[in-house]
Structures are given as C-alpha cells and as structure tokens.
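Let's take a walk through this fold together, one region at a time. Keep the viewer open and follow along as we go.

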Amino acid sequence: MRARTRLVLTCAYVALIVAAVPMVRSITNPLRDVGMLRVTVASVIVLALGLFGFLASRSGASRRGVALLMAGVISPCAVAYPFVVSPEEFLHVPQYIVVGAAWTWTLQARVSGVVGSTLGALFLTLATSLLEEGVQHVTPDRYFGWNDVALDSASGCVGVALAVFGPRLLRHTSSNREL
C-alpha cells in the first residue's frame, strides 16, 4: 500500500477517535444503566481479537505467530484491567494498541530505518493521546486525565512493538505452521 494511503487511513482513524469523544457517553451510559457495559466492552474486544485471528490465519500466517501476536494484545489488556476504573477506559487499551501499530505502519513507508519510524510512532501515539484528552477537557461531562494518557501511551508502545516485530512472527514457514 502506498505511503500516502497509509497516512490517510491512520489520520482517518485518529479523527474517528477524536470525533467520537462527545458521543461516547450517550452510548455507554444506557448500557451502564442496564448493567451491560462490562459485558458489551468484553464482547467487542473478544470479537475484534477473533476477527484478527481469523483474518491472520486465512492469510497463510503461521499459527504460532498469530498466537504470539494475540498474546501480545491480550496480555496488556489483562495487566491493565485491575487499574482501569471504568469499562470505557478499558477500551483505550486495544484502541491505542491499534493507534501505535497504525502510526508505525504509516511511518515505515515514509521514514527510513526502524529506529526513526519507531520513535516517530511513539511520539505520534503520545500526541494522539494528548489530543484526545484535550478534546475531552473541553467536552461537557468529560475530563482530562493523566492516567488515561499513561494508559494510552503504554498501550501504544505495545502496538508499536507488535507492528515492528509482528511481521516476522506472522511469516509463513513450514517449520512453524503448526502450533
């Protein structure tokens, strides 16, 4: 995929995140009121992981690589869970894993060298988090939280690592096709 297309897709994803800030509570509050918010958030994450696993396995990727990448996504979710106050905040973990991976994917097509694209992706992930939290600061009934910035940044680091090392894990080889 061309570098410009990657940039447009990543910027569109970031714009979608920022645009959704004012609308999130109108979706999550009714789910919370009927006691379905945690189940809904967990279902969304499980469905997303299942879709990723299905698509990766259909692409001919090694099963071991798919399992390792999924463990790389599930592990930070499991570690973050006890520290997250609300289910809405928990959604930040997979959301920013994708942000970190998307910025890495975008910069790999534009910046030469792994170090440059990795550092750039880390910086842009932090900038995305600060932008989202800034929008929350000016949105009624929302607030700026440094804890969210830290959670987003840590999750983004996982996404960057998965984007840098993931392609090597997913390569199809006959020696690791079976788990």
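V84 is a good place to start: this valine sits in the loop between α4 and α5 (87-90). Is V84 buried or exposed? With a relative accessibility of 11%, V84 falls below the 20% cut-off, so V84 counts as buried. Leaving out neighbours within four places in sequence, the contacts of V84 are E89, F90 and L151. There is also a long-range pairing to look at here: V84 and D148 are separated by 64 residues in sequence, yet their C-alpha atoms are 9.1 Å apart in space.

Before going further, a word on confidence, since this is a predicted model. The mean pLDDT of the protein is 83, and 93% of its residues reach 70 or more. Among the elements, helix α7 has the highest mean pLDDT, at 94, while helix α4 (residues 63-80) has the lowest, at 76. Please treat residues 173-179 with care: pLDDT stays under 50 there, although the model gives this stretch 15 contacts beyond four places in sequence.

F90, one of the contacts of V84, leads us into the interior. Which residues have the most contacts inside the largest nonpolar core? They are F90 and V93, in a core of 18 residues. The elements contributing two or more residues to this core are α3, α4, α6 (92-108) and α8. Helix α4 supplies the largest share, with six residues. Such a grouping fits a broad pattern: in soluble globular proteins, nonpolar side chains tend to be buried together. Looking at V93 in particular, its contacts beyond four places in sequence are P76, C77, A80, L151 and S155. L151 therefore turns up twice on our route, as a contact of V84 and as a contact of V93.

A second, separate core has nine residues, including V99, W103, A121 and V164. Two of these names come back when we turn to T125, in helix α7 (residues 114-138). T125 touches V99 and W103, along with Y96, G100, D152 and G156, not counting residues up to four places away in sequence. T125 has a relative accessible area of 1%, so this threonine is buried.

Following the chain onward brings us to the loop between α7 and α8, where T139 lies. T139 counts as buried because its relative accessibility is 11%, and beyond its sequence neighbours up to four places away T139 touches V21 and P22. D141 belongs to this loop between α7 and α8 as well, but here the side of the story changes: D141 is exposed, with a relative accessible area of 74%. Its backbone deserves a look, too. Most residues other than glycine have a negative phi. D141 has a positive phi of about 65° although it is not a glycine.

Next comes N147, in helix α8 (residues 146-170). N147 is exposed, since its relative accessible area is 67%. N147 and E89 are 58 residues apart in sequence, with a C-alpha to C-alpha distance of 9.7 Å; E89 is also one of the contacts of V84.

Finally, let's visit the surface. V34, M36 and V39 make a nonpolar surface patch of about 270 Å². V39 is found in helix α3 (residues 37-58), and this valine is partly exposed because its relative accessible area is 45%.

Key
Residues numbered from 1 in each chain as written. Predicted model: local features only at pLDDT ≥ 70, side-chain atom pairs only at ≥ 80, totals over all residues. Heavy atoms only, no water. Helix = DSSP H or I, 4+ residues; strand = E, 2+ residues; numbered from the N terminus. Buried < 20%, exposed > 50% of the residue type's maximum accessible area, 1.4 Å probe, protein only. Contact = heavy atoms within 4.5 Å. Patch = residues over 30% accessible without salt bridge, like charges linked within 9 Å, V, L, I, M, F, W, Y side chains within 5 Å. Areas by Shrake-Rupley, 256 points an atom, 1.4 Å probe, with all protein chains shown as cover. Salt bridge = Lys/Arg side-chain N within 4 Å of Asp/Glu carboxyl O. pLDDT = per-residue confidence, 0-100. Core = buried A, V, L, I, M, F, W, Y, C linked by side-chain atoms within 4.5 Å.
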